[in-house]
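Here is a short report on one protein model. Look over the sequence and the structure first, then read on.

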Amino acid sequence: AIKKASLIPSDEILDALPERIDSDSEEFFDAESFDESSQSQHLKAYRTALPVRRSSNQYSIWSILKHCIGKDLSKITLPVTLNEPLTFLQRTCEVLEYDNLILEALSCPEALDRTKYVVAFFYSHLVSCDKRPCKPFNPLLGETFELYREDRGYRVVAEQVSHHPPISALHCEGRGFTFWCTMQARLKVTS
């Protein structure tokens, strides 16, 4: 998988954008003007576990593979119970679970310390990979996922921008930072 990520201060991105969404709109959360004193009246409960437990059905890998001989990897169908009950876009937004590392980087005066925090943020989402071996569902072309985290002061929009090859894009605006990345999975079988 290829990941491209960028991190720049919000003021620079705001100057580069010709148009902005009206921040006075009630339906759009403004991360820059987030008031922590009013946080308790807007606080929502966020999930702490996957929405559905994984099925206990056991599949034989051999029974699946015997139907796959000679097929292209993109044409192989697997039982739906092998998937995680999330889409890839939802899982992509989990990258921002450790956004406190970015906020720490913004407060560091030394460039080396900022780099350490950014690198730690970049790799922090890999913490849960070994405990979640299931693949999330593939999103449809044009599918979007929006996440507003009032308690952390950021908003995220993720979209599936290409089907073949599958490419997802993510854009996040938070207090003092803007983050965006694209993810493209590549399948290659070699002998």
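## Q160 and its surroundings

Q160 lies in strand β5. This is a predicted model. Q160 is buried, because its relative accessible area is 3%, under the 20% cut-off. Its side chain is joined to that of S168 by a polar contact of 2.5 Å.

What does Q160 touch, leaving aside residues up to four places away in sequence? The list includes L89 and the run P139, L140, L141, G142 and E143. P166, I167 and S168 complete the list. S168 thus appears twice for Q160, as a contact and as a polar partner.

## Between β5 and β6

The loop between β5 and β6 holds P165. The peptide bond leading from H164 into P165 is cis, and its omega is near 0°. Most peptide bonds are trans.

## The β6–β7 hairpin

Strand β6 covers residues 167–174, and strand β7 covers residues 177–184. The two run antiparallel and are joined by 8 bridges. Together they form a hairpin, with 2 residues between the strands. One residue in the turn, G176, has a positive phi of about 90°. Most residues other than glycine have a negative phi.

C172 stands opposite F179 in β7. C172 counts as buried, because its relative accessibility is 0%.

## Two cysteines, no disulfide

How many disulfides does a search of the whole structure find? The count is 0. A disulfide is a covalent bond between the sulfur atoms of two cysteines.

Why is C93 not bonded to C172? The closest cysteine sulfur to that of C93 is in C172, at 8.4 Å, and this is too far for a bond. The cut-off for a disulfide is 2.5 Å between the sulfur atoms. Seen from C172, the nearest cysteine sulfur is that of C93, again 8.4 Å away. C93 is also buried, with a relative accessible area of 4%.

## Helix α5

Which residues of helix α5 are buried? The helix spans residues 100–107, and its buried residues are L101, I102 and A105. Viewed down the axis of α5, these buried residues fall within an arc of 100°, so they line one face of the helix. An α-helix has 3.6 residues a turn, so residues three or four places apart point the same way.

## Overall architecture

The protein has 6 helices and 7 strands. Along the sequence, the pattern reads β-α-α-α-β-α-α-α-β-β-β-β-β. The protein has 191 residues, and 27% of them are buried.

How far apart in sequence are the contacting residues? Take the contacts between residues at least 6 apart in sequence: 61% of these join residues at least 24 apart.

## Confidence

The average pLDDT of the protein is 75. A score of at least 70 is reached by 66% of the residues. Where is confidence lowest, and where is it highest? Strand β1, residues 2–8, is lowest, with a mean of 44. Strand β5, residues 154–162, is highest, at 95. Q160 lies in that strand.

Residues 1–10 stay under a pLDDT of 50. The model has 34 contacts for them beyond four places in sequence. Residues 16–31 are also below 50. That stretch has 21 contacts in the model beyond near neighbours in sequence.

Key
Residues are numbered from 1 along each chain as its sequence is written. This is a predicted model: local features need pLDDT of at least 70, side-chain atom pairs count only at pLDDT 80 or more; totals for chains, interfaces and linings use all residues. Side-chain values use heavy atoms; hydrogens and water are left out. Buried means under 20% relative accessible area, exposed over 50%, partly exposed in between (1.4 Å probe, protein chains only). Helices (H or I, at least four residues) and strands (E, at least two) are DSSP runs, numbered from the N terminus. The arc is that of the directions from the helix axis to the C-beta atoms. pLDDT is the predictor's confidence in each residue, from 0 to 100. Contact means heavy atoms within 4.5 Å. Two strands pair if DSSP finds at least two bridges between them. A polar contact is a pair of N or O atoms within 3.5 Å; within protein, one must be able to donate a hydrogen and the other to accept it, and residues adjacent in sequence count only if both atoms are side-chain atoms.
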